[in-house]
Amino acid sequence: MHPHGRWFASAVWENGSWLLSGPTRVPDLDHYVSDLLTASADGGVLAGFDFPIGLPLAFGHKTGCADFSEALRLFGTGDWATFYDVAETTADISPIRPFYPAKSGPSGTQSHAQLLHGLGLTKKQTYRQCELGRPGMRTASPLFWTLGAAAVGKATICGWRDVIAPARQRGASLWPFDGDLDDLAARGGLVLAESYPGDAYGQIGLSMAGKSKTNREDRRTLAPALLHWATSHNLRLSPHLDKAIQKGFAAKHGIDNGFDAVVGLLAMIAVVEGERPPSPDLSADMRQWEGWILGRQSAAAAGSVNTADNPLLEDEPSDSAPP
């Protein structure tokens, strides 16, 4: 959402192995998209982004579009001109203006219930299947909710409007909506995907038990595990990246974006190398509307949970940030 929080790490296949670099601040988004497209001209590029890509099925049906790709082209234009304008009041909430609230109000005056009412959806209908909780991981914050540290609404707006839609207009492919990852890779060019660092920790076997990713000392204690993973997978690290890992990344407490970028990159490499499947078998609805998080297991494989018992699915006042 904020430019200072945008970081990336990258890996290039060179001389028979991956050379990793970063973490680096993302430049102006227009230039960043152009850089990705330029790089893809010399070979396939897979770019993973830490924001939702896809719509809950029930909301997708409300759009009247054939699929997420068609809806994405329309959002912000014509009848959908207000889609990215965050609703100021409950009266503003509708399928054509679904993000809420624009700013924090007095305690108890804003809630998930208001958002659900405005959208005409139930709690479960505001989630994609890949966002539902499982052992060790809670259900995500609702896609259209914009308030609180874990809210993804405003990052989604920025990601769709300023990155995904422009890249699509310039020929980029979108996984899994445009096909299987192997097929998209065979076509070459730029392939965009959703990559969630919170899930990537487990994908590469990184234990966060008793640790906080916002604590630099905790990140420093994870350095041996990260370096071992890199070595065991024959990865080469740039001097800057090697130093960043050993020092726990950024010095300022709470800045974990570079750490997340690197862990997310390692998980993407595991998928590209065939160590993990990109996804479980996806239903037609997921390929058409909801999408999937790259490398994430199905809830059944991870051990399902009862979402009705998840506190996140309870409506909360605005001064309590959704977990």
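A helix here is a DSSP run of H or I at least four residues long, numbered from the N terminus. With that in hand, welcome to a short tour of this predicted model. Two places are worth a visit: strand E5, which spans residues 190–194, and valine 33, which is found in helix H1.

**Strand E5 and its surroundings**

- All five residues of E5 are buried, so the strand is largely enclosed by the rest of the structure.
- Leu190, Leu192 and Glu194 point one way from E5, while Val191 and Ala193 point the other way.
- In a regular strand, side chains alternate between the two faces of the sheet.

**Partners of E5**

- Strand E3 (residues 45–49) pairs with E5 in the parallel sense, over five bridges.
- Within E5, alanine 193 has glycine 48 standing opposite.
- Strand E4 (residues 173–174) also pairs with E5 in the parallel sense, here over two bridges.
- Serine 173 has valine 191 of E5 as its bridge partner.
- E4 and E5 join helix H6 (residues 181–187) in a right-handed β-α-β unit.

**Valine 33 in helix H1**

- Helix H1 covers residues 29–40, and valine 33 belongs to this helix.
- Valine 33 has a relative accessible area of 3%; buried means under 20%, so this residue counts as buried.
- Beyond its neighbours within four places in sequence, valine 33 is in contact with Asp162, Val163, Ala167 and Arg170.
- From valine 33 to arginine 219, the separation is 186 residues in sequence and 30 Å in space, C-alpha to C-alpha.

Methods
Residues numbered from 1 in each chain as written. Predicted model: local features only at pLDDT ≥ 70, side-chain atom pairs only at ≥ 80, totals over all residues. Heavy atoms only, no water. Buried < 20%, exposed > 50% of the residue type's maximum accessible area, 1.4 Å probe, protein only. Pairing = 2+ DSSP bridges. Right-handed = clockwise from strand over helix to strand, strands pointing away. Contact = heavy atoms within 4.5 Å.
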